[in-house]
Amino acid sequence: MSETALSPLPDRPRPSDEADVIVVGAGPSGSTTAYHLAQAGLDVLLLEKTAFPREKVCGDGLTPRAVKQLTAMGISFEDKGWIYNHGLRIVGGGVRLELPWPDLTEYPGFGLVRTRYDFDQILADQATRAGARLVERTNVRAPIIDPRSNRITGVTAKGPGGEPVSYSAPLVIAADGNSSRLSVAMGIRKRDDRPMGVAVRTYFESPRHNDDYLESWLELWDRSGEKDVLLPGYGWVFGVGDGTSNVGLGILNSTSSFRDVDYRKLLRRWTESMPEEWGFTAENQRGTVRGAALPMGFNRTPHYSRGLMLVGDAGGMINPFNGEGIAYAMEAGQLAADVVTHAAARPTQRERERVLLSYPRILSDVYGGYYTLGRVFVRMIGNPEFMKYATRYGLPQRTLMMFMLKMLANLTDPRDGDAMDRVINGLSKMAPAA
């Protein structure tokens with residue numbers, strides 16, 4: 001890094017292939033990071049391998065945690081594409097329970113649904129309005145390493161026309177998803193001691209498209225073998241508001257049957273068991289069944305090394321309790337931008353590096369204990385007998401389930417909360433950091 005690295009100098013002429021920071025990937029984590037960096041006056045290149053709009057595999061549901069981050073980016077929810085929801089409906093063990101989102105000072109009291117087809121574009125557009133430079137159809141292939149410092153100083157990519165291009169910056173942020181080619185090239189690989197999940201989903205034309213609750217089914221049975229197996233995971237039905245429902249399921253790797261499950265067939269069998277009037281039939285299906293991996297609980301570390309910072313799925317930041325990724329991707333993007341902005345204000349390379357090295361510790365302080373509890377939870381629900389017991393005896397207890405909603409969705413007030421908040425916050429602080 002030069003002595004001027006990361007310094008916000010908006011009046012300085014600069015080639016289009018240079019920046020203060022390069023962000024690779026314009027999903028929720030990358031666009032949020034780019035937005036906050038640009039707001040702070042840094043010159044940001046946001047590189048996206050596809051072009052907007054584009055589809056992504058997701059449940060499309062946004063909890064109050066995600067809504068808070070969208071609000072912080074100045075995004076309005078007035079157009080008809082946003083569908084409000086009031087809470088979570090839980091189905092299992094013969095029980096159908098509606099739980100409103102908690103009344104908290106820290107978070108709004110509503111969630112949203114928006115398809116990823118244009119959700120990511122909304123975030124990327126907000127980043128460009130703040131001053132970030134978005135370059136689409138640019139597939140980053142490898143890091144550029146300075147042989148003297150062994151630090152990343154830029155990236156090489158395949159440009160919009162297939163031509164080789166390169167971009168340079170003293171700091172690169174990997175927001176390139178679960179596979180994170182950039183992280184792997186820098187020697188930052190996945191950890192086997194962290195949970196991993198798989199999610200599959202599709203869309204159906206359905207009268208349930210205007211449902212104002214997110215719906216979660218806690219019992220997923222695999223009846224393809226000689227013996228019925230209760231799988232560790234859940235199904236969902238989220239009304240999209242455009243005539244369709246997003247219907248999918250997520251499975252965790254905490255049982256031996258994880259690798260043997262045909263998730264698409266399981267989704268088809270599950271939807272075929274639904275009430276006929278809901279319309280979850282092959283004739284009403286819109287689009288194919290698509291799947292994606294869910295990297296959880298910080299399954300790739302360190303989150304900063306040699307000029308490369310990780311955010312979102314690239315750093316395995318999905319919540320192990322409920323498979324939620326968007327809120328944590330956006331929160332990590334804001335945290336990363338704060339760290340980078342503070343580093344940019346330091347006068348020397350050594351001081352800047354010291355600030356950048358604080359990023360993993362900050363993430364650990366914010367999420368480490370909670371994610372450790374999530375790993376314990378994943379192991380527990382991997383036991384079919386525990387799942388049967390929990391759904392049979394736990395679901396009818398409304399107070400217990402309200403506690404679990406707060407726990408699983410990580411929705412508590414850090415100060416002046418109720419007794420449930422204090423218990424959950426205390427457990428997170430006492431648990432060793434992930």
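User: Where does Lys-158 sit?
Analyst: In strand 10, residues 151–158. Keep in mind that this is a predicted model.

User: Is Lys-158 buried, exposed or partly exposed?
Analyst: Partly exposed. Its relative accessible area is 40%.

User: Which surface patch takes in Lys-158?
Analyst: A positive one. Lys-158 forms it with Lys-49, Lys-56, Arg-141 and Arg-181.

User: How do strands 9 and 10 pair?
Analyst: In the antiparallel sense, over seven bridges. Strand 9 covers residues 139–146. Asn-139 stands opposite Lys-158.

User: What links strand 9 to strand 10?
Analyst: A hairpin turn, with four residues between the strands. Asn-150 is in that turn and has a positive phi of about 60°.

User: And how does strand 10 pair with strand 11?
Analyst: Five bridges join them, and they run antiparallel. Strand 11 is residues 164–168. Here Lys-158 stands opposite Pro-164. These two strands also form a hairpin, with five residues between them. Gly-162 in the turn has a positive phi of about 90°.

User: Switching to salt bridges. How many are there in the whole structure?
Analyst: A search finds 24.

User: Which residue does Arg-290 meet in a salt bridge?
Analyst: Glu-55, at 3.3 Å from N to O. Arg-290 lies in strand 19 and Glu-55 in the loop between strand 2 and strand 3, so the pair ties together parts that are 235 residues apart in sequence.

User: Are those two side chains buried or exposed?
Analyst: Neither; both fall in between. Arg-290 is partly exposed, with a relative accessible area of 30%. Glu-55 is partly exposed too, at 38%.

User: What about Glu-106, which partner does it have?
Analyst: Lys-68. Their side chains meet in a salt bridge of 2.8 Å, N to O. Glu-106 lies in the loop between strand 6 and strand 7, and Lys-68 is in helix 2, so this pair connects parts 38 residues apart in sequence. Glu-106 is partly exposed at 28% relative accessibility. Lys-68 is partly exposed at 29%.

User: Which residue forms a salt bridge with Asp-365?
Analyst: Arg-361. The closest N and O atoms are 3.4 Å apart. Both residues are in helix 8; being four residues apart, they are separated by about one helical turn.

User: How exposed are Asp-365 and Arg-361?
Analyst: Asp-365 is exposed, with a relative accessible area of 57%. Arg-361 counts as partly exposed at 49%, because exposed means over 50%.

User: Which residues are joined into one network by salt bridges that share partners?
Analyst: Arg-89, Glu-98, Arg-208, Asp-211 and Glu-215.

User: Back to helix 8. Which nonpolar surface patch involves Val-376?
Analyst: The one it forms with Met-380 and Phe-386. Together they have about 210 Å² of accessible area. Val-376 is found in helix 8, residues 359–381. At 34% relative accessibility, Val-376 counts as partly exposed.

User: Last topic. What is the strand order in the open sheet of three strands?
Analyst: 3-7-4, with antiparallel pairing. The edge strands are strand 3 (61–62) and strand 4 (83–85), and each pairs on one side only.

User: How many bridges hold strand 4 and strand 7 in their pairing?
Analyst: Three, in the antiparallel sense. Strand 7 is residues 111–113. Ile-83 stands opposite Val-113 in strand 7.

Definitions and conventions
Residues are numbered from 1 along each chain as its sequence is written. This is a predicted model: local features need pLDDT of at least 70, side-chain atom pairs count only at pLDDT 80 or more; totals for chains, interfaces and linings use all residues. Side-chain values use heavy atoms; hydrogens and water are left out. Patches are made of residues with over 30% relative accessible area and no salt bridge: like charges are joined within 9 Å, nonpolar side chains (Val, Leu, Ile, Met, Phe, Trp, Tyr) within 5 Å. Accessible areas come from the Shrake-Rupley method with a 1.4 Å probe; for residues, only the protein chains shown count as cover. A salt bridge is a side-chain nitrogen of Lys or Arg within 4 Å of a carboxyl oxygen of Asp or Glu. Lys and Arg count as positive and Asp and Glu as negative; His and the chain ends are not counted. The place of a charge is taken as NZ of Lys, CZ of Arg, CG of Asp or CD of Glu. Buried means under 20% relative accessible area, exposed over 50%, partly exposed in between (1.4 Å probe, protein chains only). Two strands pair if DSSP finds at least two bridges between them.
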